[in-house]
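Work through the exercises below with the model open beside you. Each task is followed by a solution in steps.

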Amino acid sequence: MNILLTGKNGQVGFELQRALAPLGNVHAVDSGDCDLADADALRALIRDVRPSLIVNPAAYTAVDRAETEVDKAMAVNARAPGIMGEEAERLGASVIHFSTDYVFDGHKPTPYTEQDPTGPLGVYGQSKLDGEKDLASATRRHLILRTSWVVGAHGHNFAKTMLRLAAERTHLNVVNDQLGAPTSAALLADLTAHVVRRLQTDGVHEFPFGIYHLTASGETSWHNYACHVVAQGLQAGLPLKLTPEHIRAIATDAYPTAARRPQNSRLDTSQFRATFGLRLPPWQQGLDHILQQIL
Ligand SMILES: NC(=O)C1=CN([C@@H]2O[C@H](COP(=O)(O)OP(=O)(O)OC[C@H]3O[C@@H](n4cnc5c(N)ncnc54)[C@H](OP(=O)(O)O)[C@@H]3O)[C@@H](O)[C@H]2O)C=CC1
Ligand SMILES: Cc1cn([C@H]2C[C@H](O)[C@@H](COP(=O)(O)OP(=O)(O)O[C@H]3O[C@@H](C)C(=O)[C@@H](O)[C@H]3O)O2)c(=O)[nH]c1=O
Ligand SMILES: [Mg+2]
């Protein structure tokens, strides 16, 4: 199987290089090889590689900056997935794409299912939602995996930000009224590989394409997540300037940001688990594995 993998140096893309390797001939690219905002370059790449599967973890992920870099966020997150869908349709190929909890407004009191109405609060969420829709309308052979709060050993994420700030400051304020599930990039990559294997055995006529919610199990707040990371850092002997007791739990209103975030980022993963027969480990398991690697 010829697989085209985008965003090979992103958190998820980096892990996918490893996880997809046994499943086919992986042609992995980064933004230097092809700027996804350049529609002609993207079409040319796909026509050149002629993949039977496109796996697209590349995205514009700077949530606050997207509020002012609207065109760029839209080109990468909304238009590129649509083009991938069109080209895949011509080739008879399939597309595995990643999306986000930020397509929801976060007002629902319980975890979001795939059937719930979307309502993004910012440009990033809107661009990701547009990408889902453009991909899905271009080809039936799409698998969209909506995940949340991605954390990996390779790349930028909230856990690394907390370790950096804890080495510099004696106090921190972190919001405790936004809930979600930190999800490890390695877990996402491994689950994607299982799904690709299923695609290979089912074939494109039988494979259950569509949108699925996919996160680690359990839930937490950004505040509790920060405390967990700092506690692990201290246990590993890092010279931090603060302990979890110095991380103050604050409300979202007390931490103004350019983009609004959903209060409820929890995703109901029962559809994925039932369809693919896979279990999703608790968020702490993936996070602690990463912390062991970086500490
Ligand atoms: N990070 C998170 O918390 C979450 C992420 N997601 C989604 O999961 C997926 C993977 O996210 P994650 O691995 O964290 O993302 P990262 O931000 O770690 O990586 C994104 C990758 O996309 C590439 N990219 C960005 N712009 C372009 C461009 N114009 N042309 C080509 N490549 C580009 C970047 O390449 P380069 O470095 O070369 O610029 C980078 O390697 C994305 O779809 C994201 O929306 C969903 C929920 C949470
Ligand atoms: C750095 C910092 C952040 N925060 C808050 C801001 C925000 O509400 C929350 C998380 O901040 P971040 O900016 O790191 O996270 P953010 O970039 O919003 O993370 C999101 O990224 C995109 C790509 C996704 O798809 C989402 O699932 C989600 O992971 O923590 C604090 O309260 N105190 C702090 O010191
Ligand atoms: Mg961020």
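**Exercise 1: two backbone outliers**

Arg 50 is exposed, because 12 other C-beta atoms lie within 10 Å. (Buried means 20 or more other C-beta atoms within 10 Å of the residue's own, exposed means 12 or fewer, and partly exposed is in between; C-beta atoms are placed from the backbone.) This is a predicted model: local features need pLDDT of at least 70, side-chain atom pairs count only at pLDDT 80 or more, and totals for chains, interfaces and linings use all residues. Residues are numbered from 1 along each chain as its sequence is written, while chains are lettered from A and ligands numbered from 1 in the order in which they are written.

Task: locate Arg 50 and Trp 149, and state the phi of Arg 50 and of Trp 149.

Solution.
- Step 1. Recall the background: most residues other than glycine have a negative phi.
- Step 2. Arg 50 is not a glycine, yet its phi is positive, about 50°. It is found in the loop between α2 (39–49) and β3 (53–56). Helices (H or I, at least four residues) and strands (E, at least two) are DSSP runs, numbered from the N terminus.
- Step 3. Trp 149 also has a positive phi, near 45°. Its place is the loop between β5 (142–147) and β6 (150–151). Is Trp 149 buried or exposed? Trp 149 counts as buried, because it has 23 C-beta neighbours inside 10 Å.

**Exercise 2: the ligand shells**

Task: describe the shell around ligand 1, then that around ligand 2.

Solution.
- Step 1. Count residues whose C-beta atom, placed from the backbone, lies within 6 Å of the ligand. For ligand 1 there are 26, and the closest are Gly 7, Gly 10, Gln 11, Ser 31 and Ala 59.
- Step 2. Assign elements. α1 (11–20) and β4 (94–100) each supply at least two residues. α1 gives the most, with three.
- Step 3. Sort by class: twelve are nonpolar, eleven polar and three charged. Nonpolar covers Ala, Val, Leu, Ile, Met, Phe, Trp, Tyr, Cys and Pro; charged covers Asp, Glu, Lys and Arg; the others, Gly among them, are polar.
- Step 4. Repeat for ligand 2. It has 19 surrounding residues, the closest being Thr 61, Thr 100, Phe 158, Val 175 and Trp 222. α5 (158–168) and β7 (172–175) give two or more residues each. β7 has the largest share, four residues. Ten residues are nonpolar, seven polar and two charged.

**Exercise 3: a helix pair**

Task: characterise how α5 packs on α7 (residues 222–235).

Solution.
- Step 1. Take the angle and the distance. They are about 60° and 9 Å between axes. Axes are lines fitted to C-alpha atoms, for helices over the stretch in contact; angles run from 0 to 180 degrees between N-to-C directions.
- Step 2. Classify. α5 and α7 are therefore oblique to each other. (Under 35 degrees is roughly parallel, over 145 roughly antiparallel, 65 to 115 roughly perpendicular, and the rest oblique.)
- Step 3. List the contact, defined by C-beta atoms, placed from the backbone, within 7 Å. Phe 158, Ala 159, Met 162, Leu 163 and Ala 166 of α5 meet Trp 222, Tyr 225, Ala 226, Val 229, Val 230 and Gly 233 of α7.
- Step 4. Sort the contact residues of α5 with α7: ten nonpolar, one polar and no charged.

Technical notes
Contact = placed C-beta atoms within 7 Å.
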